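Reader: I would like to see how the labels on this model are earned. Please show it first.

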Amino acid sequence: MFFMLILAAPLCGGLFYIAALHSGLPPRRWAVLGTVFGPTILPLFMAKRRWSLVCARGLNDDLLQA
C-alpha cells in the first residue's frame, strides 16, 4: 500500500501541474501541493480555479450563453 502511495504522488503532482497550466494558475505551487497531498487537494483546486474565473470575468457575467 505504501509503495502505491509513493508511485501516485509524482503522478498527482504532474496532473495538477498540467491542470494549473491549462487554467492559468501558478503551476509549481499546485504541483507541490498535488505531490504532498495527492488527490485530496482536488476540491481546493476546483474552488481556486472557479474563483480565478469569477475574478477575471466579474460576478454578473454569464459563463454559459444560450
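Author: What follows sets values against definitions, turn by turn.

Author: This is a predicted model, in which local features need pLDDT of at least 70, side-chain atom pairs count only at pLDDT 80 or more, and totals for chains, interfaces and linings use all residues. Residues are numbered from 1 along each chain as its sequence is written, and side-chain values use heavy atoms, with hydrogens and water left out.

Reader: What is the mean pLDDT of the chain?

Author: The mean is 87, and 91% of the residues reach 70 or more. pLDDT is the predictor's confidence in each residue, from 0 to 100. Among the elements, helix H1 (residues 2-23) has the lowest mean, 88, and helix H2 (residues 27-37) the highest, 93.

Reader: How many helices and strands does the chain have?

Author: Three helices and zero strands. Both are DSSP runs, numbered from the N terminus: helices are H or I with at least four residues, strands are E with at least two. The order from the N terminus is α-α-α.

Reader: Why is the chain called more spread out than a compact globule?

Author: The radius of gyration is 14 Å, and the globule rule gives 11 Å for 66 residues. The radius is taken over C-alpha atoms, and the rule is 2.2 Å times the number of residues to the power 0.38. The value is well over the rule, so the chain is more spread out than a compact globule. Along its principal axes the C-alpha trace spans about 45 × 20 × 15 Å.

Reader: What makes up the largest nonpolar core?

Author: Six residues: Phe 16, Ala 20, Leu 25, Trp 30, Ile 41 and Phe 45. A nonpolar core is a set of buried Ala, Val, Leu, Ile, Met, Phe, Trp, Tyr and Cys residues joined through side-chain atoms within 4.5 Å. Buried means under 20% relative accessible area, exposed over 50%, partly exposed in between (1.4 Å probe, protein chains only).

Reader: Why is the pair of Phe 16 and Phe 45 called edge-to-face?

Author: Rings of Phe, Tyr and Trp (its six-membered ring) pair if their centres lie within 6.5 Å; planes under 30 degrees apart count as stacked, over 60 as edge-to-face and the rest as tilted. Here the centres are 5.5 Å apart and the planes at 75°, so the pair is edge-to-face. Phe 16 lies in helix H1 and Phe 45 in helix H3 (residues 42-57), so the pair ties together parts 29 residues apart in sequence.

Reader: Why is the pair of Trp 30 and Phe 45 edge-to-face?

Author: The centres are 5.1 Å apart and the planes at 80°, so this pair is edge-to-face. Phe 16, Trp 30 and Phe 45 form one aromatic cluster.
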